[in-house]
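Reader: I am new to this structure and should like to understand the terms used to describe it. Would you take me through them, with the reasoning behind each one?

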Amino acid sequence: MSAPDVAPVRSTQRSSSDPLSGLAARLRGRLNPEQVITDVTQLRTYECDGITGYRVVPGIVALPESTDEVAFVVTECARVKVPFVARGAGTGLSGGALPVADGVVVSLARMRRVVDIDVPNQRMTVEPGVTNADISKAVAGHDLYFAPDPSSQTVCTIGGNIAENSGGAHCLKYGFTTNHVYAMTLVLPDGSVVEVGGAGLEGVGPDLRGAVIGSEGTLAIATSVTVRLLRRPEAVRTLVADFAAPEHAGAAVSGIIAAGIIPAAVEMLDALAIEACEAAVHAGYSLDTSAALVVELDGPASECDEDFERVEQICRDAGTTHLRFATEPSERALIWKGRKAAFAAMGRISPDYFVQDGVIPRTRLGEVLARMQSMAEDAGLRVANVFHAGDGNLHPLVLYNAAVPGESERGEHLSTAIAELCVQMGGSITGEHGVGTDKACSMPKMFSEDDLEVMKRLRTAFDPHGICNPGKIFPTPRLCGERPGPYRVHPLEAAGVIERM
């Protein structure tokens with residue numbers, strides 16, 4: 001979460017020749033009047049997602065309640081070539097749902113119905129506004145659940161999970177959203193409605209389902225989703241292991257995986273993250289430790305018990321200073337409540353922070369954490385670490401105070417440098433938060449020009465006019481030279497090398 005820029009306030013008075021004025025009238029002719037928002041005060045509710053440093057006031061917000069209504073809104077946008085951006089709960093952390101000025105936000109918040117629950121085949125069909133956690137709640141009585149579990153699962157929606165291919169703490173063993181979605185109803189950028197996927201995860205021909213999942217809302221809008229449900233495991237075993245240094249915790253992670261054990265989750269928190277979580281939740285983490293691992297195993301009871309003993313020994317061999325075992329479901333729930341509250345809890349120790357999301361090889365955890373600490377010291381800032389250690393998906397939080405001149409810029413620079421460090425170490429600039437607006441300019445650090453061109457060609461095949469969530473993922477001179485809100489002069493512009501168009 002970054003410090004807010006101030007978006008310009010625009011007048012809602014439009015001439016009859018303005019494309020948005022006519023578009024709003026046509027939308028109100030089909031939707032109920034309260035489903036079309038043009039009042040500037042209400043529009044500002046939709047000006048950003050979870051990364052608040054990027055803000056743009058949209059021209060219209062539409063609140064469709066069905067696939068037909070979504071298709072109508074998109075068709076009307078396509079007819080006059082007005083850009084549109086689909087939005088779920090707005091919990092994204094990359095500026096992926098950032099609106100387009102004089103464009104339309106298609107909010108799916110009212111599409112919250114459970115369409116069908118197929119218990120024998122362990123499938124469930126929902127609309128995109130259903131929250132991640134509510135999918136599991138709907139089938140808890142059948143001893144089933146939805147495996148992907150982002151930290152924001154109580155508020156984030158399945159539509160947003162599809163856009164970002166979200167994962168969560170248990171993705172090490174169970175995979176990401178793409179591993180748990182069978183089929184989708186999609187509204188394409190021209191307003192046509194198609195079905196992709198089928199009864200299983202593998203199909204004949206191009207995997208259009210897989211292409212759309214993780215495309216960050218740039219290819220289509222999902223209006224109905226059939227998800228895969230899993231049977232709850234027979235047994236669950238959870239421990240928290242403290243270590244004198246993050247490098248020791250990283251060695252334990254490598255040791256667990258090298259032993260052939262695939263935990264349901266392996267999470268790491270450093271001292272700053274623990275301080276924030278304990279202040280917010282009081283989950284019982286040790287405040288006098290440098291790092292803690294949360295390790296969870298699940299499956300058949302006999303297998304869990306055997307592997308749990310091996311994990312305990314691996315942690316001891318790596319130098320754990322304290323082991324805590326969750327002996328009751330309530331204690332396990334409290335441990336996870338603390339871990340999943342980490343991002344929000346940062347407000348307890350810092351007025352502002354940037355959330356980063358990068359991936360590195362597990363074997364380089366200690367090295368990367370040491371490099372990040374050195375980079376933070378050079379910048380005169382603090383970095384709190386809480387992340388999915390099992391698959392090397394880092395979530396460093398760069399802490400700063402926007403009220404101190406220069407700290408916001410230093411924090412932003414450090415955050416970007418950390419993402420690009422992940423690439424240098426053989427990883428990725430993002431694991432599950434997406435590229436969106438925030439990381440578009442770092443894409444060339446990871447992909448060649450040919451790679452990016454192939455991606456753009458796929459996007460153009462779906463959206464030849466470029467109206468579906470434009471300005472995301474790919475670097476452009478505008479994105480890399482300025483940010484929405486108050487204009488910031490790019491250094492090359494100041495030097496006379498480039499000019500603003």
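Author: The exchange that follows takes up cysteines, salt bridges, a helix, nonpolar cores and one histidine. This is a predicted model, in which local features need pLDDT of at least 70 and side-chain atom pairs count only at pLDDT 80 or more, while totals for chains, interfaces and linings use all residues. Residues are numbered from 1 along each chain as its sequence is written, and side-chain values use heavy atoms, with hydrogens and water left out.

Reader: How do you know that Cys 304 has no bond to the closest cysteine sulfur?

Author: A disulfide is a pair of cysteine sulfur atoms within 2.5 Å. The sulfur of Cys 304 is 15 Å from the closest one, in Cys 315, and is therefore too far away for a bond. The structure holds zero disulfides. Cys 277 is likewise in no disulfide, with the nearest cysteine sulfur, that of Cys 156, 18 Å away.

Reader: Is Cys 277 buried or exposed?

Author: Buried means under 20% relative accessible area, exposed over 50%, and partly exposed in between (1.4 Å probe, protein chains only). Cys 277 has 0% relative accessibility and so counts as buried. Cys 304, at 2%, also counts as buried.

Reader: What makes the pair Glu 47 and Arg 55 a salt bridge?

Author: The term requires a side-chain nitrogen of Lys or Arg within 4 Å of a carboxyl oxygen of Asp or Glu. The closest N and O atoms of Glu 47 and Arg 55 are 2.6 Å apart, and the pair forms a salt bridge. Glu 47 is buried, with a relative accessible area of 5%, and Arg 55 counts as buried at 16%. By this rule the count comes to 19 salt bridges. Arg 26, Glu 76 and Arg 79 are linked in a network of such bridges.

Reader: Which class of exposure does each partner have in the salt bridge of Asp 118 and Arg 123?

Author: These side chains meet at 3.6 Å, N to O. Asp 118 has 17% relative accessibility and so counts as buried, whereas Arg 123, with 21%, is partly exposed.

Reader: Why can the salt bridge between Asp 298 and Lys 173 be said to tie together separate parts of the sequence?

Author: The two side chains meet at 2.7 Å, N to O. Asp 298 lies in strand β14 (residues 291-299) and Lys 173 in helix α6 (residues 171-174), so the pair ties together parts that are 125 residues apart in sequence. Helices (H or I, at least four residues) and strands (E, at least two) are DSSP runs, numbered from the N terminus. Asp 298 counts as buried at 8%, while Lys 173 is partly exposed at 32%.

Reader: How do you know that the buried residues of α4 line one face of the helix?

Author: The buried residues of α4 are Asn 132, Ala 133, Ile 135, Ser 136 and Val 139. Seen down the axis of α4, they fall within an arc of 155°, so they line one face. That arc is taken from the directions from the helix axis to the C-beta atoms. Among the elements covering these residues are β5 (114-118), α5 (158-164) and β10 (221-228).

Reader: What makes a group of residues a nonpolar core?

Author: Such a core is a set of buried Ala, Val, Leu, Ile, Met, Phe, Trp, Tyr and Cys residues joined through side-chain atoms within 4.5 Å. Of the 45 residues in the largest one, Phe 243, Leu 293, Val 311, Leu 394 and Leu 414 touch the most other members. Helix α13 (residues 365-379) gives the largest share of this core, seven residues. A second, separate core of 29 residues includes Leu 272, Val 281, Ala 341 and Ile 349.

Reader: Which side chains make polar contacts with the side chain of His 388?

Author: A polar contact is a pair of N or O atoms within 3.5 Å; within protein, one must be able to donate a hydrogen and the other to accept it, and residues adjacent in sequence count only if both atoms are side-chain atoms. The side chain of His 388 makes one with that of Glu 267 at 2.8 Å and another with that of Glu 432 at 2.7 Å. His 388 is found in strand β18 (residues 382-388), and at 3% relative accessibility His 388 counts as buried.

Notes. Contact means heavy atoms within 4.5 Å.
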